Amino acid sequence: MCEGCNCNDERLEKIKEVIKECNGDKSQLIHVLNEVQELYGYIPTYVQKVISEELDIPMAEIYGVITFYSRFSLEPKGKYNVSVCLGTACYVKGSQGVLDKVKEILGIDVGQVTKDGKFSIESTRCVGACGLAPVMTVNSDVYGNMDPSKVKEILAKYE
Amino acid sequence: MKSIEELSEIRQRTLEEIKLRKDRNYTGKEKHVLVCGGTGCTSSHSMEIIKRLEEKIKEKNIQNVRVVRTGCFGLCARGPIIVVRPEDTFYAMAKVEDVDEIVEKHLVGGEIVERLLCKDIDGTAVKSLDDLNFYKKQHRVVLKNCGLIDPENIDEYIAFDGYKALEKVLTSMTPEEVIKEVSDSGLRGRGGAGFPTGRKWEFAKNSVADQKYVACNADEGDPGAFMDRSVLEGDPHSIVEAMAIAAYAIGATKGYVYVRAEYPIAVKRLQIAIDQAQEYGLLGKNIMGKGFEFDLEIRLGAGAFVCGEETALMESVEGKRGEPRPRPPFPAVKGLFGKPTLLNNVETYANITQIILNGASWFASIGTEKSKGTKVFALGGNINNVGLVEVPMGITLREIVYDIGGGIPNGRKFKAAQTGGPSGGCIPEEHLDTPIDYESLIAIGSMMGSGGLIIMDDSTCMVNLARFFLDFTVDESCGKCPPCRIGTKRMLEILEKMVAGKGQVGDVEKLEKLALNIKRSSLCGLGQTAPNPVLSTIRYFREEYDAHIKEKRCPSGECKAMTKVMIDKEKCKGCSACSRKCPVNAIQGELKQPFEIDQDKCIKCGVCIATCPFKAISRV
C-alpha cells in the first residue's frame with residue numbers, strides 16, 4: 001500500500017496506461033474513474049491530480065463528477081464491503097430488516113467503516129438478482145433469500 | 001471481413017449444429033445441455049455447474065453432448081436452470097452436487113432425474129419447459145434468443161437469422177423504406193413513455209449535420225427491473241445489429257451504448273459481441289462490402305438514476321455530471337457532442353431486426369390497436385414465479401399475476417402492482433383486468449414504464465411504499481432544478497411524519513398540491529414523474545393515509561412506530577422461546593408462566609412472532 005507518496009505505485013501505472021488509451025478524449029473521464037474505483041476501492045486525491053493533469057480537466061470538475069455518481073467514493077471502503085439491496089423487489093421482501101441487522105452486528109451505519117477497517121456497509125438499489133430477493137452481497141459473493149437471522153453466520157465467515 | 005456469401009455459409013453450417021435446440025422432432029444422437037448464465041443464476045453458482053458438467057462429461061468420455069452457457073430463461077425464482085435439448089427437460093434449482101447424477105442418469109442412461117424436475121405452482125413436476133404454466137401465455141419476440149444461444153458466440157446468433165436483417169437493409173432497402181417499415185409496425189419506445197419509434201427515427205434523419213450519432217439507453221435504473229440487462233446478457237448481437245440498422249436509416253456512423261457499470265456480465269458480453277462484429281466486418285468501414293460505415297462504443301454509467309433520462313444520459317456519455325439539459329433543442333436536433341442523436345432503449349432496439357425480417361404487418365398483428373408487439377416485464381416482489389416475462393400487449397394484469405406469475409405466495413392476498421417504478425403508479429385489485437397497453441395504464445394513474453412490475457401482498461403498507469419511492473427520488477434527484485430537489489424532499493418529510501405516527505389532518509392535501517406543482521415545473525422526466533407513486537397510492541388507498549393520520553394506525557401493520565407487539569396471555573405457555581430469541585432482551589417472564597414484553601425496550605422486529613410455537617404473539 002502506498003498512499004500519497006507516489007513511489008512505485010503499480011496501480012497508478014495501470015491508471016496512467018488507461019488514461020493514455022483515451023488519447024486525450026475528455027469524455028472518457030467516467031471510464032477512467034470507474035477503473036480507479038475498481039482498482040483502489042475509492043478515488044484518492046493524488047490520483048485525481050494525475051487525471052487532472054493528463055486529461056487537462058480541472059480538479060473541481062473531477063470532484064464534481066465523482067460526487068455526482070454513487071459508485072464513486074472519496075473514502076476507502078472496508079476490506080469486506082457488505083451491501084444490502086434496497087431495490088423495490090428486495091424491499092417488499094424485507095431487506096430493510098436485513099440491513100438493520102447488519103448495522104446492529106457491525107455497530108456502524110451505512111457508509112461507515114469499522115474501526116479495524118475490515119467491514120463497511122452500503123445499501124444499493126437493485127443488483128438485478130431480484131429472483132433471489134432479498135439479496136445481500138459481501139464484496140462479490142452474493143447471498144440470496146436472506147433473512148435477518150442469517151446475517152450473523154454469514155458475517156462470521158469473513159471475521 | 002466476411003462477405004454475404006461467407007455469412008450465409010456460417011449460418012447454414014452452425015444451424016446444422018444447433019437446430020436441435022429448437023427441433024422437438026430431432027431424432028439424432030446429439031444433446032445440448034443449456035445452462036443459464038444470467039446474473040440471477042450466476043449468483044446461485046450456475047458457472048460452477050457448467051464447470052462440473054464439462055469435467056464430468058470429459059471424465060465419462062461422452063461424445064455427443066455439448067454444454068452451452070446461455071442467457072436468461074426467465075424463471076429466475078427457480079434458478080439455476082438447466083435445460084437438456086432436444087427433449088426439453090427442465091431442471092430447476094440444481095446444485096453442483098446434482099451434476100453427477102444428471103450426467104450419469106440422464107446423459108449416459110437416458111433417464112430423466114425426476115427429483116430435479118421443475119415443479120409448477122401446484123407441485124406437479126413438469127417434464128418439458130413448454131408445459132410450464134409460466135411460459136404458456138408468453139410470446140417471445142425480444143427474448144427469442146435468450147436461453148437458446150451462447151451469447152458469446154456470434155456464429156450461433158448468425159445461425160438463427162442473425163445479421164440477416166442488416167443484410168436485407170443494406171442490399172435491398174433505402175433509409176426511407178427502413179423508417180417506413182418501423183413506422184408502419186407501430187413500435188413505440190419501450191423505455192416507458194411510448195413515443196412512436198418511427199417518428200423519432202424520422203426526426204433524426206431529417207436533421208442535417210456533418211456527424212450524427214445513434215445511442216442506446218441501457219441505464220436500467222428502475223429498481224427491480226432487469227429486462228434490458230437480460231437482453232444484453234442473453235442476446236447482445238441483436239442490439240449491435242439493430243443499432244447498425246438505425247445508423248443506416250438516419251445516416252449516422254458512430255454509436256454509443258450507455259450501460260450501468262452495475263451490470264458487469266452484460267458489459268462483458270456486449271463488448272465481446274462488438275469485438276466479434278468488428279472481426280466479421282459487421283461493424284467498421286464498408287460493412288458487408290456495401291460501403292456503409294458504422295462503429296460502436298460502450299460507455300459505462302456510474303450509478304445515477306437520472307442518467308436514464310435522455311439528455312442527462314448524453315451529458316454522462318460526454319463524461320460530465322449527468323444533469324439534464326433543457327429541451328428544446330431535442331436530441332434529434334442537438335444531442336451527443338452537440339450533434340443530432342437518435343436514442344432508443346435496449347428493448348426497442350431488440351424489436352427492430354424482427355420487424356425488418358418479418359415485416360411491419362406481422363409486428364402490427366401482435367398487441368392492441370395503439371400498442372403493438374410485446375412487452376417484457378421483470379416480475380418481482382410478492383409473487384411465486386419471480387422472473388422475466390414477455391407478453392403480447394393487451395394481456396391483463398390478472399393473467400400476468402395468476403396464470404404466468406403463479407399467484408401470491410404464503411397464502412397472502414394480492415394488494416397492488418407497481419409499474420414504472422419510482423415514476424409509475426400502483427394498480428389495485430379492482431383494476432386487475434385492465435389490459436396492459438400504454439393508454440389503459442395511463443388512464444388508471446399508472447404507466448407502462450420500462451418494465452419493472454412489482455407485486456405487493458396485503459402485508460405492504462401503501463403509505464410506506466410511497467415513502468420508499470420518494471426516498472429513492474430524493475436520493476437520485478440531480479439537484480439542478482429546485483422543484484425536484486426541494487419539492488420531493490418536502491414530500492418525503494410529510495410521508496416520514498405519517499409513517500412515524502405524527503401525521504396531521506391536511507397533510508394529504510399538502511402532498512397533492514406539492515405533487516401537482518412538482519410535476520408541472522420540473523425540468524426533466526425524473527421530477528415530472530416523481531410524485532406519481534404518492535398520487536396513485538392516495539387515489540386508491542386514501543383510507544390507509546387516513547388511518548395513519550387520524551387513528552395513528554397502520555392497517556397492514558408494517559409501520560412499526562404505530563404497532564405494539566403483544567403476547568396473548570391465554571395462549572402463552574411460558575416456554576421462553578421468544579425471550580431467548582429477542583435481540584434486545586425485551587421479553588421477560590418465569591417459565592410456564594405467561595411472558596411479557598417491555599414496550600420501552602422492544603424494537604418491534606417481529607423475531608418473537610416468528611419464533612412462538614403457539615402463535616401467541618402478534619402486532620396490534
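Mentor: Buried means under 20% relative accessible area and exposed means over 50%, with partly exposed in between. The model is predicted.

Trainee: As what does Arg115(B) count by relative accessibility?

Mentor: The relative accessibility of Arg115(B) is 49%. Exposed begins over 50% and buried lies under 20%. Arg115(B) therefore counts as partly exposed.

Trainee: Which residue forms a salt bridge with Arg115(B)?

Mentor: Arg115(B) is in the loop between H4 and H5 of chain B, and its partner is in the loop between E4 and H4, 17 residues apart. The closest N and O atoms are 3.0 Å apart. The partner is buried, with a relative accessible area of 9%. It is Asp98(B).

Trainee: Which residue forms a salt bridge with Asp88(B)?

Mentor: Asp88(B), in the loop between E3 and E4 of chain B, is paired with a residue 64 residues apart, in the loop between helix H1 (4-18) and strand E1 (31-36). At 0% relative accessibility Asp88(B) is buried, whereas the partner is partly exposed at 36%. The closest N and O atoms are 3.8 Å apart, and the partner is Arg24(B).

Trainee: How many residues apart in sequence are the parts that Asp130(B) and Arg24(B) tie together?

Mentor: Asp130(B) and Arg24(B) form a salt bridge, with the closest N and O atoms 3.6 Å apart. Asp130(B) lies in the loop between helix H4 (99-108) and helix H5 (133-136) of chain B, and Arg24(B) in the loop between H1 and E1, so the separation in sequence is 106 residues.

Trainee: Which side chain of chain A meets Arg299(B) in a salt bridge?

Mentor: Across the interface of chain A and chain B the rule finds 1 salt bridge. Its N to O distance is 3.6 Å, and the residue facing Arg299(B) is Asp25(A).

Trainee: Which element gives the most residues to the side of chain A that touches chain B?

Mentor: The elements of chain A that give two or more residues to this side are H2, H4, H5 and helix H6 (95-106). The element that gives the most supplies 4 residues, and it is H4(A).

Trainee: Which helices do the buried residues of H4(A) pack against?

Mentor: The buried residues of H4(A) are Ile62(A), Gly64(A), Val65(A), Ile66(A) and Phe68(A). In chain A, confidence is highest in this helix (residues 59-68), at a mean pLDDT of 97. The buried residues pack against two helices of chain A, helix H2 (29-40) and helix H3 (45-55).

Trainee: What share of the area that chain A buries against chain B comes from Phe68(A), Thr88(A) and Arg125(A)?

Mentor: Chain A and chain B bury about 3100 Å² between them, 57% of it on carbon and sulfur atoms. Phe68(A), Thr88(A) and Arg125(A) supply more of the area on chain A than any other three residues, with a share of 23%.

Trainee: Which residue does a cis peptide bond join to Ala133(A)?

Mentor: Most peptide bonds are trans. Here omega is about -10 degrees. The partner is found in the loop between strand E2 (119-124) and strand E3 (136-138) of chain A. The residue joined to Ala133(A) is Pro134(A).

Trainee: Is Asn410(B) buried or exposed?

Mentor: Asn410(B) has a positive phi of about 60 degrees although it is not a glycine. Its place is the loop between helix H16 (397-404) and strand E12 (414-419) of chain B. At 75% relative accessibility, over the 50% limit, Asn410(B) counts as exposed.

Methods: Residues numbered from 1 in each chain as written. Chains lettered and ligands numbered in written order. Predicted model: local features only at pLDDT ≥ 70, side-chain atom pairs only at ≥ 80, totals over all residues. Heavy atoms only, no water. pLDDT = per-residue confidence, 0-100. Buried < 20%, exposed > 50% of the residue type's maximum accessible area, 1.4 Å probe, protein only. Contact = heavy atoms within 4.5 Å. Buried area = accessible area lost by both parts, 1.4 Å probe. Salt bridge = Lys/Arg side-chain N within 4 Å of Asp/Glu carboxyl O.
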